[in-house]
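Dear colleague,

Please find below the structure I am handing over to you, with its sequence. My findings follow directly after it.

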Amino acid sequence: MEEAQRRALRRGRRRLVEAMDVAALWDPLEERGLFTRPMIEDMQSAGSRGEQARQLLIDLESRGKQAFPTFLSLLRDTGQGSLATMLLGECQGPLAPPQTPALRPVELGLGGEKHNKGVNFSERLSIPVQAESERPQVPPTPAWGSAVDKRSCDLVYELKADPCGYCLILNNVNFSSNSDLSPRGGSDVDCQKLEKRFKALCFRVLTRHDLKAQEMVLELQNLARQDHSALDCCVVVILSHGCQTSHIQFPGGVYGTDGKPIPIERIVNYFNGSNCPSLRGKPKLFFIQACGGEQRDRGFVVDCDSPGDEAPGGPLESDASPFQSPPGDTDEPDAIASLPTPSDILVSYSTFPGFVSWREVSSGSWYVETLDSVLEQYARSEDLLNMLLRVANAVSAKGTYKQIPGCFNFLRKKFFFMCK
């Protein structure tokens, strides 16, 4: 779908959601091949008529070049011609032509002209450049570290909406008896800290507790199907037991309370540009407090003056679970090229893939406790990646058994949180 057509759908979305008769469109949409029956049933499960209409408009953007004209045709065929006319008007609305400054040629002598006075004028180079008076005025560079400096840069995501986005927290503490997974004491402490922190960072926080794997998937899908057009970013936090999984892009998995794993890769891909059009070009942040495997790291001796933190006073628990590779689940080279590029995505892991992640019953996990502290101290002045370095450095110094958080970063710009 062309950008002008996407823009028309977004401009007309409010009127379409209010007035469109989606019930009359479902069968024609399937007959014309825009959507399959499972896709339509998925959209019908979004809720009310208005919510179904909104989901249809979002999904329509990813249905190819013929989606827009076919949709207009179906609107007319079902007696909704006024909506088709409105959309066509939005699509053909005048666009301001780009302002190109006047250019004039400047003569440049060839490199050897100084020593070869026989060079003719026709052999000189004429290169169009802007006149001095027409060149854009570049403002003076502000002092490093100032608020203007960090947010006026072209390579910084804009966060202007309030709230700036949703923050979904999935907190699994109690697991079924046949899952062989122990209760995650201290996770409620983590959850409360992050609820308070992300509210202070201007997010609308949604918290869900003790969900089975399929329930977690439904919550994630519901969030991805929301209209994020008026928002600037999205955050997902998962607090659960974890494991290793086969993967192509993002390693690891997290467990539902029924002991069934969900690959991190699957979770992230619900929010990519193909599956969540209203978050295209906007930062999508994932924070995973779960084990990456069963290995325990005792670290190694270093010659330095930096004192390590004393071993914590409370009993330590881990979020580990054995890796079980499902039969026939292999990474085929052909599958890699077919995946959408995970742009504007950052996944922060509490521990290195393959290793356990430590948690105390009284104070919560090392990772969340440190992340919350760093956000409290530095969110007003530092970008996210810099703060995650601080988290990694602080966590790596803790305890007898070692742990180091890390991230998979596909952000295109720096990310600065909003602060109340």
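I begin with the surroundings of one helix. Strand 9 (284–289), strand 11 (345–349), helix 13 (366–378) and strand 14 (406–409) are among the elements that cover the buried residues of helix 14. Please note that this is a predicted model.

Helix 14 itself spans residues 384–396, 13 residues in total. From its first C-alpha to its last it reaches 18 Å, close to the 18 Å expected at 1.5 Å a residue. Its buried residues are Leu384, Met387, Leu388, Val391, Ala392 and Val395. These lie on the same side of helix 14, because they cover an arc of only 145° around the axis. An α-helix has 3.6 residues a turn, so residues three or four places apart point the same way. Leu389 and Asn393, on the other side of helix 14, are exposed.

The second item is a pocket. The second largest pocket holds about 420 Å³ of space and has a lining of 15 residues. Of these, Asp42, Gln55, Asp59, Arg225 and Asn275 lie nearest its centre. Helix 4 (37–44), helix 5 (49–60) and helix 10 (213–225) each contribute at least two residues to the lining of this pocket. Sorted by class, that lining consists of six nonpolar, five polar and four charged residues.

As for the chain as a whole, it has 14 helices and 14 strands. Of its 420 residues, 43% count as buried. Among contacts in the chain with a separation of 6 or more, 78% are between residues 24 or more positions apart.

With kind regards

Notes
Residues numbered from 1 in each chain as written. Predicted model: local features only at pLDDT ≥ 70, side-chain atom pairs only at ≥ 80, totals over all residues. Heavy atoms only, no water. 1 Å grid on protein atoms, 1.4 Å probe; cavity = no way out; pocket = protein on both sides within 12 Å on 5 of 7 lines; lining within 4 Å. Points joined across faces, edges and corners; volume = space filled by probe spheres on them. Helix = DSSP H or I, 4+ residues; strand = E, 2+ residues; numbered from the N terminus. Nonpolar A, V, L, I, M, F, W, Y, C, P; charged D, E, K, R; others polar. Expected span 1.5 Å × (residues − 1). Buried < 20%, exposed > 50% of the residue type's maximum accessible area, 1.4 Å probe, protein only. Arc of directions from axis to C-beta. Contact = heavy atoms within 4.5 Å.
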